[in-house]
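User: Hi, I have just opened this structure and would like a friendly tour. Could you take me through it with questions and answers?

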Amino acid sequence: MDIFYTSGVQFAEMLQSALPGLEDFWLWVTFFGDPKCVFIIYFPLAYFLLDKKIGLTVLWLGLISEWLNLMSKWLLFGERPFWWISESGFSKKKEIFLRQFPSSCETGPGSPSGHCMITGAALWPIVSILARQIAQNSKSWIMRAVPFTVYFLLLLFIGLSRIFILAHFPHQVIGGILAGISLGWLLQSWIPLERGFRFYLMTSFSLGLSATVIYWTLIILGIDLNWSMKLAAKWCENPKWIRMDTYPFASLCRDTATVLGLGLAFHSSSYTELKLEKLGWLQRGWCAVLSLVTLYFLSSIAQPQGVALWYGLNFVKYASFPWIVISLLPKAVQKLASPGTPSHPE
């Protein structure tokens with residue numbers, strides 16, 4: 001693997017030296033590729049501006065691919081550039097000029113790239129529906145190719161941003177992109193929609209239990225799954241850049257909470273009333289805007305440093321997100337709608 005790691009570091013050095021002054025651009029790109037954006041941006045936008053089914057498919061693909069990404073990282077033991085450079089002694093053999101950034105110091109293993117894999121899987125249904133709609137209204141192959149072209153370019157830029165900030169090696173990015181596209185294509189037709197609350201409760205429990213069993217099985221076999229966290233803390237330039245939401249179990253907490261939140265949302269009294277009516281385009285637009293503002297605000301709230309309290313509050317927060325999008329905000333917008341923008345019967 002040293003060949004991949006060495007060439008990857010050289011490529012990252014080339015990116016940083018060839019593209020000076022673009023740090024802010026790459027940091028924004030890596031932000032929009034963050035798996036959290038599936039839950040706070042892409043899900044509500046797809047749910048309100050495209051179709052409820054598409055929005056739910058985006059959310060399900062995001063959390064399923066995130067769970068699979070966590071399992072893959074535990075089994076593949078991928079290094080990350082920001083610690084491998086020093087830990088391997090590469091920086092002593094050759095003089096290099098590389099910078100770390102606040103987003104560099106991920107604590108989990110590096111293979112495959114979660115940003116590319118999870119975002120790639122979650123955005124696939126959006127691209128698919130847009131491509132079909134354009135194909136129905138245009139005979140131009142150029143227009144029909146636009147959605148997938150934008151999709152592939154976005155994944156490419158997300159991957160380059162991860163290499164640029166020393167969070168991933170190129171082969172990890174390529175693996176993440178291929179895995180994300182494959183999962184999106186394979187699973188988008190198998191997404192559960194409205195089920196009984198027992199289904200969501202058992203799914204949430206199963207995701208958490210299976211990951212815990214795999215974790216402790218590997219621990220019993222003598223595999224230290226905390227190795228990456230130790231290296232991240234050792235070689236990160238600024239200890240403040242080590243964020244608890246990059247811990248491996250943080251993503252599992254997010255996924256199990258979201259599934260449970262879907263069950264609570266679908267079985268709330270507000271959603272039961274909303275099923276009988278259809279929001280107009282103006283109301284859906286307001287719901288989309290309010291969802292983005294609300295979810296981003298809640299996700300940005302500073303959380304406690306205590307591990308147990310942090311996980312508990314994080315679970316509650318992500319369990320509330322589906323309820324806010326599916327039940328709370330649509331009902332509030334419907335109630336506040338002026339007489340000029342009434343709801344329309346289904």
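**A guided tour in questions**

User: Which residues does UniProt list under "active site"?
Analyst: Before we start, please keep in mind that this is a predicted model. The label "active site" comes from an unreviewed UniProt entry, which places it at His115 and His168.

User: Are those active-site residues gathered or scattered in space, given that they span 54 residues in sequence?
Analyst: Distance along the chain does not settle this, so let's look at the C-alpha atoms: no two are more than 10.0 Å apart. The lining of the largest cavity also takes in both His115 and His168. With C-alpha atoms within that limit, the two residues are gathered at one spot.

User: In which helix is histidine 115 found?
Analyst: This one can be read from the helix ranges. Residues 114-137 form a helix, and histidine 115 falls inside that range. The helix is α7.

User: Which residues does UniProt list for "binding site", and what is their largest C-alpha distance?
Analyst: The unreviewed entry lists Arg80 and Arg162. They are spread over 83 residues of sequence, although they cluster in space. Both Arg80 and Arg162 belong to the lining of the largest cavity. Their largest C-alpha distance is 10.3 Å.

User: Where is arginine 80 found?
Analyst: Let's place the helices beside it. Helix α4 covers residues 52-76 and α5 covers 81-87. Arginine 80 is found in the loop between α4 and α5.

User: Which residue in that loop has a positive phi although it is not a glycine?
Analyst: The loop between α4 and α5 is also the place of phenylalanine 77. Its phi is about 55°. The residue asked for is phenylalanine 77.

User: Which two residues are joined by a cis peptide bond?
Analyst: The clue is an omega of about -5°. One partner is proline 112, which lies in the loop between α6 (90-93) and α7. The bond joins serine 111 and proline 112.

User: How are α2 and α8 oriented to each other?
Analyst: Helix α2 covers residues 23-32 and helix α8 covers residues 141-164, and their axes come within 8 Å. The axes cross at roughly 120°, and the crossing is left-handed. Angles from 65 to 115 degrees count as roughly perpendicular and those over 145 as roughly antiparallel. The two helices are therefore oblique to each other.

User: How many charged residues are in the contact of α2 with α8?
Analyst: On the α2 side are Glu23, Phe25, Trp26, Val29 and Thr30, which meet Phe157, Ile158, Leu160, Ser161, Arg162 and Phe164 in α8. This group divides into seven nonpolar, two polar and two charged residues. The number of charged residues is two.

User: How are α4 and α10 oriented to each other?
Analyst: Helix α10 covers residues 197-220, and its axis comes within 10 Å of that of α4. The axes cross at roughly 10°. Angles under 35 degrees fall in one class, so α4 and α10 are roughly parallel.

User: How many nonpolar residues are in the contact of α4 with α10?
Analyst: From α4, the contact includes Trp60, Trp67 and Trp74, while the α10 side includes Phe199, Tyr200 and Tyr215. The contact has two polar residues and no charged ones. The nonpolar residues number 13.

User: How much of the span 285-302 is helix?
Analyst: Residues 285-302 are among those UniProt lists, in an unreviewed entry, for "transmembrane region". The end C-alpha atoms of this span lie 28 Å apart, and strand makes up 0%. The helix share is 89%.

Terms used. Residues numbered from 1 in each chain as written. Predicted model: local features only at pLDDT ≥ 70, side-chain atom pairs only at ≥ 80, totals over all residues. Heavy atoms only, no water. Axes fitted to C-alpha atoms, helices over the stretch in contact; angles between N-to-C directions. Helix = DSSP H or I, 4+ residues; strand = E, 2+ residues; numbered from the N terminus. Left-handed = near helix turned anticlockwise from the far one by under 90°. Contact = heavy atoms within 4.5 Å. Nonpolar A, V, L, I, M, F, W, Y, C, P; charged D, E, K, R; others polar. UniProt positions renumbered as here; feature names shortened; annotations may be inferred. 1 Å grid on protein atoms, 1.4 Å probe; cavity = no way out; pocket = protein on both sides within 12 Å on 5 of 7 lines; lining within 4 Å.
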